[in-house]
Amino acid sequence: MLSRIYAGSTPAATVIISISMALIAGFLMTRVTKRLRLPNVTAYIIAGILIGPFCLNLVPRQIISGTSFLSDIALAFIAFSTGEFFRTDTLRKNGVKVIAITLLEAMAASTFVFIVTFWILHLELAFSVVLAALAAATAPASTMMTIRQTGAKGDFVETLLQVVAFDNIVALVAYSVAISIAVHSYAGGAFSIRRIFVPVLTNCGVLFLGILFGVLLMIMLRPKTRSTDNRLIIAVAMLFSFCGICTIFEVSPLLGCMSMATTYINMTDDDKLFKQLSYFSPPLLLLFFVRSGMSFDLQSLVNPSGAVGSASLLLIGVLYFIARIAGKYSGAWAGCFLVHKSPNTRRYLGLALIPQAGVAIGLAELGARTLQGEAGDALLTIILASSVLYELIGPACGKLALYLSKSYSNKLEDLAPVSTTAPDGKEKTQLEILIERIQKIQEELPLHTVNEEEEAYTEAAERHSATIFGEIPKGYTESFRRPR
């Protein structure tokens with residue numbers, strides 16, 4: 001039925017219908033996963049599998065292949081949001097310790113995966129190296145979502161956010177070297193030191209370019225000269241431009257977008273832009289994950305791939321899943337022990353580093369596009385299969401780690417600690433303690449119920465409406481009547 005509709009439609013109509021179908025399918029699947037308390041990423045991947053060519057075949061293959069640019073854009077938005085946490089004042093306090101922890105847990109995860117894939121499963125050396133590099137990545141989106149939901153705070157949370165951010169830098173550099181080695185290995189080229197240094201130097205160049213873009217973004221987004229809607233337009237344009245430049249040179253935009261965001265936040269301390277972008281990006285990220293699901297060949301899971309080895313992709317994915325968790329936990333424990341972190345951080349940091357989705361899937365998409373053929377398809381299939389498993393248990397493990405580390409609590413006495421004795425030394429009654437705790441909680445509550453992301457987005461939307469229709473919406477501040 002749909003094939004007939006597509007056959008009689010223009011290319012533009014086919015693209016529009018396919019995009020709308022992906023958005024609707026992703027949304028409807030979240031209604032199911034919400035009841036099961038699963039993250040949205042899982043819903044998007046499953047929705048993509050269902051409407052993709054390997055299941056219901058509701059979206060033409062040419063649409064899937066023609067939207068490969070979504071991985072670059074999604075990585076850019078994910079990386080930009082992560083760069084907000086590289087504040088110099090925080091890094092001065094924990095920078096050296098965080099780097100030590102990150103290196104140990106990332107290297108442990110990569111080493112465990114390499115041992116399993118190369119020495120136990122006897123996969124191709126080049127393919128094992130790429131999988132090992134991807135094992136270092138951690139999902140920043142899942143981690144930040146869990147922290148926001150619980151309201152967790154403290155040293156454990158600060159360490160976790162910084163480790164996740166550094167984690168993906170390590171993963172990107174390792175991936176760049178690994179994919180270069182893999183490409184030349186499959187092409188029959190000889191190994192040389194140049195194959196290692198060229199990707200590293202390329203990423204250094206991308207890092208420097210990101211800093212320049214961050215300075216340019218700061219100049220163009222001066223609050224006194226730009227309206228809120230134009231700030232959002234310029235920020236998106238800058239991210240797209242940076243993605244385009246990176247795509248020309250066939251490098252990942254991840255590291256550069258991180259450095260752009262880090263430069264901007266440290267020069268301006270303007271976190272409102274990040275809130276606006278986080279409210280703008282969900283449809284783009286949904287399309288990226290749904291498209292990843294549409295590329296997921298379920299049938300290939302049970303079959304071995306001759307390009308990488310004799311083991312089935314399902315077995316590789318499951319062992320990759322287990323080996324990475326073991327490496328993350330043991331490496332994080334060793335790193336925290338080395339830098340004398342608290343026992344709570346030492347015990348539970350590795351548990352919070354389990355989630356893996358956005359960055360790993362984005363890099364796997366780039367890897368599949370670079371390697372092409374059977375090896376590229378196998379890489380994407382393994383990462384997608386393991387990512388579904390990670391998203392099933394990752395957020396729960398992250399929330400458990402935050403709770404066990406005492407970064408948040410559901411107990412009233414922890415949420416609002418008060419003295420049990422009055423100034424005159426008399427013991428307070430239970431009712432007096434309860435009233436005092438309620439008053440303390442009320443003092444800490446925000447004055448309004450609209451979250452900051454929605455407020456930032458609403459300001460931009462109202463300003464845009466005023467620009468188009470020539471009137472200021474009801475309730476809008478008079479200050480916005482000034483020309484911009």
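The protein contains 21 helices and 0 strands, where helices (H or I, at least four residues) and strands (E, at least two) are DSSP runs numbered from the N terminus. The model is predicted, so local features require a pLDDT of at least 70 and side-chain atom pairs count only at pLDDT 80 or more, while totals for chains, interfaces and linings use all residues. Residues are numbered from 1 along each chain as its sequence is written, and side-chain values use heavy atoms, with hydrogens and water left out.

**Overall surface and contacts**

Of the 484 residues in the protein, 49% are buried; buried means under 20% relative accessible area, exposed over 50%, and partly exposed in between (1.4 Å probe, protein chains only). The protein exposes about 23,500 Å², of which carbon and sulfur atoms supply 65%. Accessible areas come from the Shrake-Rupley method with a 1.4 Å probe, and for residues only the protein chains shown count as cover. Contact denotes heavy atoms within 4.5 Å. Among contacts between residues at least 6 apart in sequence, 76% join residues at least 24 apart.

**The nonpolar core**

A nonpolar core is a set of buried Ala, Val, Leu, Ile, Met, Phe, Trp, Tyr and Cys residues joined through side-chain atoms within 4.5 Å. The largest one has 133 residues, and Leu131 and Leu217 touch the most other members. Helix 9 (residues 155-186) gives the most to this core, with 14 residues. When neighbours within four places in sequence are set aside, the contacts of Leu131 are Val113, Thr117, Leu123, Ile316, Tyr320, Leu379, Ile382 and Ile383.

**Helix 18 and its partners**

Helix 18 (residues 373-404) comprises 32 residues and reaches 45 Å from its first C-alpha to its last, close to the 46 Å expected at 1.5 Å a residue; the expected span is 1.5 Å times one less than the number of residues. The helix bends by about 35° at Ile393, and a proline, Pro395, follows within four residues. The bend at a residue is the angle between axes fitted to the seven residues ending there and the seven starting there. Ser386 lies in helix 18 and counts as buried because its relative accessibility is 0%. Not counting residues up to four places away in sequence, Ser386 touches Gly317, Tyr320 and Phe321.

Ser292 is placed in helix 14 (residues 282-294) and is likewise buried, at a relative accessible area of 0%. Beyond neighbours within four places in sequence, Ser292 is in contact with Ile361, Glu365 and Leu384. The side chains of Ser292 and Glu365 make a polar contact (3.0 Å). A polar contact is a pair of N or O atoms within 3.5 Å; within protein, one must be able to donate a hydrogen and the other to accept it, and residues adjacent in sequence count only if both atoms are side-chain atoms.

Thr14, in helix 2 (residues 11-35), is buried with a relative accessible area of 7%. The C-alpha atoms of Thr14 and Pro60 are separated by 8.4 Å, although these residues are 46 apart along the chain.

**Positive phi values**

Most residues other than glycine have a negative phi. The following non-glycine residues take positive values.

| Residue | Phi | Location |
|---|---|---|
| Asn57 | near 55° | loop between helix 3 (40-51) and helix 4 (61-66) |
| Asp269 | near 55° | loop between helix 12 (254-268) and helix 13 (272-280) |

Asn57 is partly exposed, with a relative accessible area of 46%, whereas Asp269 is exposed at 52%. Lys406, just after helix 18, takes a positive phi of about 65°.
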